Amino acid sequence: MFCHKCGTQVSPDVQFCPTCGTSLAVGASSLAGAPAVPWTPPPMVEVYAGRWISEGWALVTADLGNYVLLALIFLVLSSAVPVILQGPMIAGLHIFTMKKLMGRRAEFADLFTGFNYFVPTLVASIVIGLFVFAGTLACIIPGLVVAAMYKFTYLFIVDKRMDFWPAMQASHAVVKRDYAGFTLFLILMALVNILGALCCIVGLLVSIPVTFAAITVAYKEIVGFEPRTVDAL
């Protein structure tokens, strides 16, 4: 289960969070280890890929210095320790952007808050990577669809305190409402990163945060942030 305050994964028999000291007793909180309310997929989803990317661009350019630094650290650490650090750091980038969208003070250290969800984000990154690889072997297009299916996984882990598999299922439940639209959203974000790479690679320091910001914007619009997560952040 997870601490309802800081998100640290803890053993079910632990009474206090080892990270923040919050009581995890049943009487103290009914939120630990499960969403405050059962989550159900929205009956209809409309994809606004261009607008989401535009809003992501606006968020990043409004705090360009921090986002560039976050992207630089993300690229360096992900390259130095591939796979192992990628999932938690993706979660950290989402947390930083969630704070921005909620009008909270976002800090560079938020990048490492994703490590409170280390195990589920690590397993999610490995499983998603394997699924995308298998899909790509089947004429590439299935790989793109699979990648689109699981783009919201890390946000469900952070926001709804889900484990990796329920979070992947929840992300798929959203995307299956419009596979084509969300795959196009993924392709447009890939093109943004290609343009970033063409700008002497340095452009990736802007394009990578834009894509993560766009995904967070889309999640907020479609799913909405859990109130307890807003309070905890």
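Reader: Is Y48 buried or exposed?
Author: In between, going by this predicted model. Y48 has 32% relative accessibility, so Y48 counts as partly exposed.

Reader: And which ring does Y48 pair with?
Author: That's W52. The two rings sit edge-to-face, 6.4 Å centre to centre, with 85° between the planes. W52 is buried, with a relative accessible area of 0%.

Reader: What charged group sits over the Y48 ring?
Author: The charged end of R51 does, 4.5 Å from the ring centre.

Reader: OK, zooming out. How many aromatic pairs are there in the whole structure?
Author: A search of the whole structure turns up 14. Y48 and W52 also belong to a cluster linked by ring pairs, along with F152, F156, F182, F185, Y219 and F225.

Reader: What about F131, which ring does that one pair with?
Author: F131 pairs with W165, edge-to-face, at 6.4 Å centre to centre and 85° between the planes.

Reader: Where in the chain are those two?
Author: In distant parts: F131 is in helix α5 (residues 118–137) and W165 is in helix α8 (residues 164–175), 34 residues apart.

Reader: Are F131 and W165 buried or exposed?
Author: F131 is partly exposed, with a relative accessible area of 33%. W165 comes out at 37% relative accessibility, so W165 is partly exposed too.

Reader: Switching to the core. Which residues have the most contacts inside the largest nonpolar one?
Author: W39, F152, F156, V174, F182, F185 and I222, in a core of 60 residues.

Reader: Which helix gives the largest share of that core?
Author: Helix α10 (residues 204–222), with eleven residues.

Reader: What is W39 in contact with?
Author: Leaving aside neighbours within four places in sequence, W39 contacts F156, K160, M162, A170, A173, V174 and V223. Two of those partners, F156 and V174, are also on the list of residues with the most contacts inside the core.

Reader: Last one, A147. Which helix is that in?
Author: A147 is in helix α6 (residues 141–149).

Reader: Why does A147 count as buried?
Author: Because its relative accessibility is 16%, and the cut-off for buried is under 20%.

Reader: What does A147 touch?
Author: V132 and L186, if you don't count residues up to four places away in sequence.

Reader: And how far is A147 from T136?
Author: Their C-alpha atoms are 9.5 Å apart in space, and the two residues are eleven apart in sequence.

Definitions and conventions. Residues are numbered from 1 along each chain as its sequence is written. This is a predicted model: local features need pLDDT of at least 70, side-chain atom pairs count only at pLDDT 80 or more; totals for chains, interfaces and linings use all residues. Side-chain values use heavy atoms; hydrogens and water are left out. Rings of Phe, Tyr and Trp (its six-membered ring) pair if their centres lie within 6.5 Å; planes under 30 degrees apart count as stacked, over 60 as edge-to-face and the rest as tilted. Buried means under 20% relative accessible area, exposed over 50%, partly exposed in between (1.4 Å probe, protein chains only). Helices (H or I, at least four residues) and strands (E, at least two) are DSSP runs, numbered from the N terminus. A charge sits over a ring if NZ of Lys or CZ of Arg is within 6 Å of the ring centre and within 35 degrees of the ring normal. Contact means heavy atoms within 4.5 Å. A nonpolar core is a set of buried Ala, Val, Leu, Ile, Met, Phe, Trp, Tyr and Cys residues joined through side-chain atoms within 4.5 Å.
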